[in-house]
Amino acid sequence: MFSVLKMVHVNVPFVMLQATYLDFVLENGVNPEIGLDAEALDSVPDTVFAECADRLGQRGVSVTLHGPFIDLSPGSADPEIRTVTRRRFEQVLRLVPLFRPKAVVCHPGYEKFRYGYMRASWMEKSVEMWHWFSESLNELGSRLVLENVYETAPEDLLPLFEALAPQRVGFCLDVGHQSVFSRTSLGAWLSVLGPYLRHLHLHDNHGDMDAHLALGNGKVDLPLLFEYFRKSGDIRPLITLEPHVPEDLWPSLSYLEANWPW
């Protein structure tokens with residue numbers, strides 16, 4: 001068994017966790033990052049969520065949650081879209097007391113090519129949404145972290161973290177997304193948003209598509225990332241591995257075991 005397994009989370013959608021992987025998670029002491037999509041939020045009874053949370057709690061594993069994101073837009077100019085977005089986050093909030101997650105990961109949803117012409121308005125509305133959600137999470141003993149996806153540069157997200165600093169909103173650096181979608185180097189992301197870094201999503205790719213390969217099987221500059229943590233000393237983010245096929249979990253754990261600087 002890999003000792004590093006105790007210090008990482010592993011992504012798994014709730015529907016897959018409940019149907020296929022719960023026994024594996026419990027037997028191996030895996031800390032899950034549970035994905036909550038629209039299907040789970042709308043179709044899974046609260047009693048099923050509660051039973052799963054109870055079993056995880058009895059095993060003593062650490063949990064993080066990943067909020068829904070498909071077609072949601074917290075900064076939308078359309079108030080009806082913002083209403084739907086908030087309703088989805090309200091559905092997440094009701095589950096936080098059950099799972100007691102260390103963090104809830106969400107996507108800011110900013111895309112320069114879609115929202116650049118209305119950036120100031122988009123940011124204002126987005127900050128309003130995240131302020132409410134992060135305050136609610138803080139009251140429940142958790143915290144919000146926002147993950148880069150299609151953002152092309154760290155400056156796309158910096159205003160959010162500056163505005164939401166009093167609510168302890170952290171940055172979730174997804175190195176795979178940065179590799180594929182960003183037009184700015186990983187070093188720049190670390191330099192600009194490092195002070196807000198509280199969570200990592202780790203997976204690999206070749207820079208052409210979001211392939212979610214095992215660590216070390218692509219071109220993501222993981223050595224640069226690890227060197228950053230060696231030099232920074234006091235930054236200790238949560239870590240989530242994001243294999244999209246089960247067989248990529250063990251090579252990623254092996255890679256971390258050999259290379260992680262802590």
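Helices (H or I, at least four residues) and strands (E, at least two) are DSSP runs, numbered from the N terminus. The structure described here is a predicted model, in which local features need pLDDT of at least 70 and side-chain atom pairs count only at pLDDT 80 or more, while totals for chains, interfaces and linings use all residues. Residues are numbered from 1 along each chain as its sequence is written, and side-chain values use heavy atoms, with hydrogens and water left out.

## Residues in the loops

Thr152 sits in the loop that runs between strand E5 (144–147) and helix H8 (158–163). Thr152 has a relative accessible area of 11% and therefore counts as buried (buried means under 20% relative accessible area, exposed over 50%, and partly exposed in between, with a 1.4 Å probe and protein chains only). When residues up to four places away in sequence are not counted, Thr152 touches Lys112, Phe113, Phe181, Ser182, Arg183, Thr184 and Trp189, where contact means heavy atoms within 4.5 Å.

Two further loop residues are set apart by their backbone angles. Most residues other than glycine have a negative phi. Arg100, although not a glycine, has a positive phi of about 50°, and Arg100 is found in the loop between helix H5 (96–99) and strand E4 (104–106). His212, also a residue other than glycine, has a positive phi near 55°, and His212 lies in the loop between strand E7 (197–202) and H11. Are Arg100 and His212 buried or exposed? Arg100 is exposed, with a relative accessible area of 59%, whereas His212 is buried, with a relative accessible area of 6%.

## Buried residues in a strand and a helix

Asn31 belongs to strand E2 (residues 31–35), and Asn31 counts as buried because its relative accessibility is 6%. Which backbone atoms does the side chain of Asn31 reach? The side chain of Asn31 reaches the backbone oxygen of Lys6 at 3.2 Å and the backbone nitrogen of Ser62 at 2.9 Å. A polar contact is a pair of N or O atoms within 3.5 Å; within protein, one must be able to donate a hydrogen and the other to accept it, and residues adjacent in sequence count only if both atoms are side-chain atoms. With its neighbours within four places in sequence left aside, Asn31 is in contact with Leu5, Lys6, Val8, His9, Val10, Val61 and Ser62.

Ala53 is a residue of helix H3 (residues 46–59), and at 6% relative accessibility Ala53 counts as buried. Leaving aside neighbours within four places in sequence, Ala53 is in contact with Leu98 and Phe99. Ala53 and Leu98 are 45 residues apart along the chain, and their C-alpha atoms are separated by 5.9 Å.

## Helix packing

The table sets out the geometry of three helix pairs. Axes are lines fitted to C-alpha atoms, for helices over the stretch in contact, and angles run from 0 to 180 degrees between N-to-C directions.

| Helix pair | Angle and axis distance |
|---|---|
| H1 (residues 14–28) and H3 | roughly 15°, within 11 Å |
| H4 (residues 79–93) and H7 (residues 119–139) | about 15°, 11 Å apart |
| H10 (residues 186–193) and H11 (residues 222–232) | roughly 25°, within 10 Å |

H1 is roughly parallel to H3, where angles under 35 degrees count as roughly parallel, over 145 as roughly antiparallel, 65 to 115 as roughly perpendicular and the rest as oblique. H1 passes H3 in a left-handed crossing; a crossing is left-handed if the near helix is turned anticlockwise from the far one by less than a right angle, and right-handed if clockwise. The residues that meet include Phe14, Leu17 and Leu22 in H1 and Val48, Phe49 and Cys52 in H3. By class, the contact of H1 with H3 has nine nonpolar, two polar and four charged residues, where Ala, Val, Leu, Ile, Met, Phe, Trp, Tyr, Cys and Pro count as nonpolar, Asp, Glu, Lys and Arg as charged, and the others, Gly among them, as polar.

H4 and H7 are roughly parallel to each other, and H4 passes H7 in a right-handed crossing. Among the residues that make this contact are Arg82, Phe89 and Leu93 of H4 and Met129, Trp130 and Phe133 of H7. The residues of the contact of H4 with H7 divide into eight nonpolar, two polar and four charged.

H10 is roughly parallel to H11, and H10 passes H11 in a right-handed crossing. Leu186, Gly187 and Leu190 of H10 make the contact with Leu224, Leu225 and Tyr228 of H11, and the residues of this contact divide into five nonpolar, one polar and no charged.
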